[in-house]
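Subject: Structure for your files

Hello,

Here is the structure I said I would pass on. Please look it over before reading the notes underneath.

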Amino acid sequence: MKKTIWIKHAAQLATLASEGKGARSKEAMSELGLIEDGSVWIEDGVIQAVGTTKELEKRFSSFAHEAEVVDASNLLVTPGLVDPHTHVVYGGSREREFEMRLEGATYMDIMNAGGGIHATTRMTREATEEELIVQTMRRLDSFLAHGVTTVEGKSGYGMNLETELKQLRVMKKLQEQHPIDLVPTFMGAHAVPKEFKGREDEFVDHLIHDMLPVVAGEKLAEFNDVFCEKGVFTPEQSERVLEAGKRFGLIPKIHADEIESYGGAELAAKVGSISAEHLLKASDQGIKAMAKSGTIACLLPATALYLREEAAAGRKMIDEGVAVAISTDCNPGSSPTTSMPLVMNLACISMRLTPAEALTAATYNAACAINREKQVGSLEVGKQADIVLWKVKNYQELQYLFGVNHVKSVWKKGVRVV
């Protein structure tokens, strides 16, 4: 029997209707497709109609008795939020490093002392698959409670074939077990493992020849990411990794220009990366190159805040024509949060995005950054019914009342999951 849901009388419905036009930039990032007294008709988890309540009452009057009616009076209704950059599968935690940073240690100080990525690598290598599933399930539950219905997840806390595969297999199992859609990215090039210290090019060869073929062969990832940063992987090494991934059918992503300007944004444009992440220190030339190539800037304001760094130049990027997405960067060392609502707030406060731009960056553009814009990111006919009802009356209030989780209910593929 067909399952029908009718969400009606939304104070404001932000559809983000895109009509398949691709990631939004400049003025288009402010176009939310707002409908007052909005309504959504859903059948078997798929959106069938979007419009005013009066329009849908007229259209579906003879079927209304079949529908489960959801009264959205005095509520904002939006697409489910999309988080396009996380490291959600990992073992252990690193709360001591938070204290160390407050005592004056830098990100690279901690990493060079055996902390940072290396500490999480050790704990993730030691954890069983079952232990990683339990820990990650809790994080995904928290994402869902904050209105997030699709999450990209990176490996990269293994840096050996066994653990990288373990992380990716955990994501595959969680995709089957948890309501959230989990989109997998291979990031074997997250750092150079200790056993390869001083032999960085040899590790790149190992990654290209021994790891990528297995990951691609088992179809465990859709994207391939690399940390292009001084002291990690050079632009030349990063290009080798990304081009090799493309030969195996993996779409390139890149951690770029986080700690210093290093040509990462320029490399993203050169290799046709779907997105470049972080970009705190991206050069003017790199920003222009990304605008020209259509590479999406995936910005992480919570990470900048947590590391007490100046946030990326989100306002400048949008004005220059770069499509901007935002993300929690959920990870144990530099952004241990699952709150996309907070990230939207910070995008406004620290990067000068407008409330409308922040919502676009957390929904439709975020979906574009992980190749999911045809399924999620907007409320349009034929898309998954991933929908959030918020306890605010409009999108401005969602960003104005910051640091608060305003979620009333969350629907994933037409099923109420929060």
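The notes below deal with the two domains and the interface between them.

Please keep in mind that this is a predicted model.

Domains. The domain assignment splits the protein chain into domain 1, made of 4-79 + 378-416, and domain 2, which covers 81-370. Their C-alpha centres are 29 Å apart. To the contact between them, domain 1 contributes 33 residues and domain 2 contributes 35 residues.

Buried area. Between them, domain 1 and domain 2 bury about 2,500 Å², and carbon and sulfur atoms account for 65% of it. On the domain 1 side, the residues that lose the most area to domain 2 are Met29, Gln399 and Lys412; together they make up 27% of what that side buries.

Polar and charged pairs. Two salt bridges are found across the interface of domain 1 and domain 2. There is also a salt bridge to look up by residue number: the side chains of Lys413 and Asp181 meet at 3.5 Å, N to O. Across the interface of the two domains, 11 residue pairs are in polar contact, with both residues at pLDDT 80 or more.

Which elements of domain 1 touch domain 2? Strand E5 (76-79), strand E14 (387-390), helix H16 (395-400) and strand E15 (407-412) each supply at least two residues to that side. Sorted by class, the side of domain 1 that touches domain 2 consists of 15 nonpolar, 11 polar and seven charged residues.

Regards

Notes:
Residues numbered from 1 in each chain as written. Predicted model: local features only at pLDDT ≥ 70, side-chain atom pairs only at ≥ 80, totals over all residues. Heavy atoms only, no water. Domains from an automatic or database assignment. Contact = heavy atoms within 4.5 Å. Buried area = accessible area lost by both parts, 1.4 Å probe. Salt bridge = Lys/Arg side-chain N within 4 Å of Asp/Glu carboxyl O. Polar contact = N/O pair within 3.5 Å; in protein donor to acceptor, adjacent residues only side chain to side chain. Helix = DSSP H or I, 4+ residues; strand = E, 2+ residues; numbered from the N terminus. Nonpolar A, V, L, I, M, F, W, Y, C, P; charged D, E, K, R; others polar.
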